[in-house]
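Visitor: Please take a close look at the cysteines in this model, and then at the empty space inside it.

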Amino acid sequence: MSGSDWSRDPVVLDAMRRAAELGQRVLGSTSPNPAVGCVVLDRHGHVAGTGATRPAGREHAEVLALREAGEAAVGGTAVVTLEPCVHTGRTGACAVALREAGVARVAYAVADPNPAASGGAALLREAGVDVVGGIDEQEVATGALRPWLHATRTGLPHVTWKYAASLDGRSAASDGTSQWISSEPSRAEVHRIRAHRDAVLVGTGTVLADDPRLTARDERGVPLPEQPLRVVVGDRDLPESAKVFDDSAPTIRLPGGDPDHVLRSLAERGVTAVLLEGGPTLAGAFLAAGRIHLVEAFVAPALLGSGSAALGDAGVASISQAWRFHFERVRMCGRDVWISAVPSEG
């Protein structure tokens with residue numbers, strides 16, 4: 001690879017896609033650090049090493065990829081989803097590790113918004129390394145890095161609201177039954193979504209009505225080794241026998257239901273990504289506060305005609321006050337339609 005436009009080389013672009021996939025695999029296990037992926041190419045453009053950020057206090061993606069590449073990194077190219085950091089905390093600075101490894105080029109997707117860690121690109125350029133940023137930036141920023149970028153810029157966790165509903169927007173029938181509105185493939189996807197979040201959030205009403213366990217499980221129904229924090233919001237008494245209090249995952253209770261108080265409390269615990277699975281009242285409160293940043297909706301081909309709506313009061317009195325979203329992705333999931341949507345700007 002040579003020339004001023006080496007960063008658009010298909011080999012580099014393919015390496016960036018692979019780095020993004022590596023970051024996605026560790027999403028939910030790295031907080032409060034970002035889920036970063038890195039691919040090191042040797043001087044001939046062959047993959048020499050790969051890495052993804054390990055849990056807080058352990059190695060970052062670049063260090064692991066360089067370790068695997070060894071001497072093949074000399075004169076090679078490091079492709080990483082986030083600008084290499086210059087911060088030295090429990091681990092060393094990744095930009096320094098890249099410089100000392102002798103790489104000739106670094107391509108990254110997203111600039112680091114954290115003032116304490118940014119500046120890696122400048123440090124590498126000063127050392128004579130050819131650095132290019134912004135490679136597949138939009139795609140990478142809306143992938144595994146999205147929750148961390150949001151938390152870094154706002155100081156509060158990123159919130160994904162997940163719900164399943166019928167075609168007419170009902171989450172439960174008039175007798176209160178709700179299992180199972182969505183299909184088995186949809187429920188499997190929900191477990192994958194849970195596994196990629198730091199915390200799963202419900203209200204006391206959901207615990208009393210459904211008695212959910214809220215764990216992330218594999219296709220066989222076996223709990224995964226790493227579990228998100230289970231968070232129950234509200235003041236009502238709950239039975240000690242509730243499944244959410246078993247020993248399959250950690251659980252905390254937070255009083256009241258103010259979204260900002262809840263999110264500040266979780267931020268203090270290092271949580272950057274929250275999955276909101278509560279009922280319509282809690283979902284409405286979070287939406288009214290402007291604290292829903294991604295919607296994952298599973299719409300089943302069924303009509304109920306009555307029963308609980310998926311969303312409660314969100315402070316909308318007229319159509320002009322509607323919370324507007326745009327679809328990022330729409331696809332089939334089993335017999336259901338799976339919609340991913342984010343708030344519209346402006």
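Guide: Cys 94 counts as buried, with a relative accessibility of 1%. This is a predicted model. Cys 85 is buried too, at 9%. The cysteine sulfur nearest to that of Cys 94 belongs to Cys 85, 3.8 Å away. Cys 94 takes part in no disulfide. A disulfide here requires two cysteine sulfur atoms within 2.5 Å. The closest cysteine sulfur to Cys 85 is the one in Cys 94, and 3.8 Å is too far for a bond, so the two are not joined. The count of disulfides for the structure is zero.

Now the empty space. Searching the whole structure turns up two cavities of 30 Å³ or more. The largest holds about 50 Å³. Its lining includes Leu 27, Gly 28, Thr 30 and Ser 31. Asn 33, Pro 34 and Ala 35 also line this cavity. So do Ala 144, Pro 147 and Trp 148, along with Thr 272 and Ala 273. By type, that lining has seven nonpolar residues, five polar and no charged.

The second largest cavity holds about 30 Å³. Met 16, Arg 17 and Ala 20 line it, together with Asp 136, Glu 139 and Val 140. Two elements each give two or more residues to this lining: helix 1 (10–26) and helix 5 (137–141). Helix 1 provides the largest share, three residues. The lining of the second largest cavity splits into three nonpolar and three charged residues, with no polar ones.

Note on methods: Residues numbered from 1 in each chain as written. Predicted model: local features only at pLDDT ≥ 70, side-chain atom pairs only at ≥ 80, totals over all residues. Heavy atoms only, no water. 1 Å grid on protein atoms, 1.4 Å probe; cavity = no way out; pocket = protein on both sides within 12 Å on 5 of 7 lines; lining within 4 Å. Points joined across faces, edges and corners; volume = space filled by probe spheres on them. Nonpolar A, V, L, I, M, F, W, Y, C, P; charged D, E, K, R; others polar. Helix = DSSP H or I, 4+ residues; strand = E, 2+ residues; numbered from the N terminus. Buried < 20%, exposed > 50% of the residue type's maximum accessible area, 1.4 Å probe, protein only.
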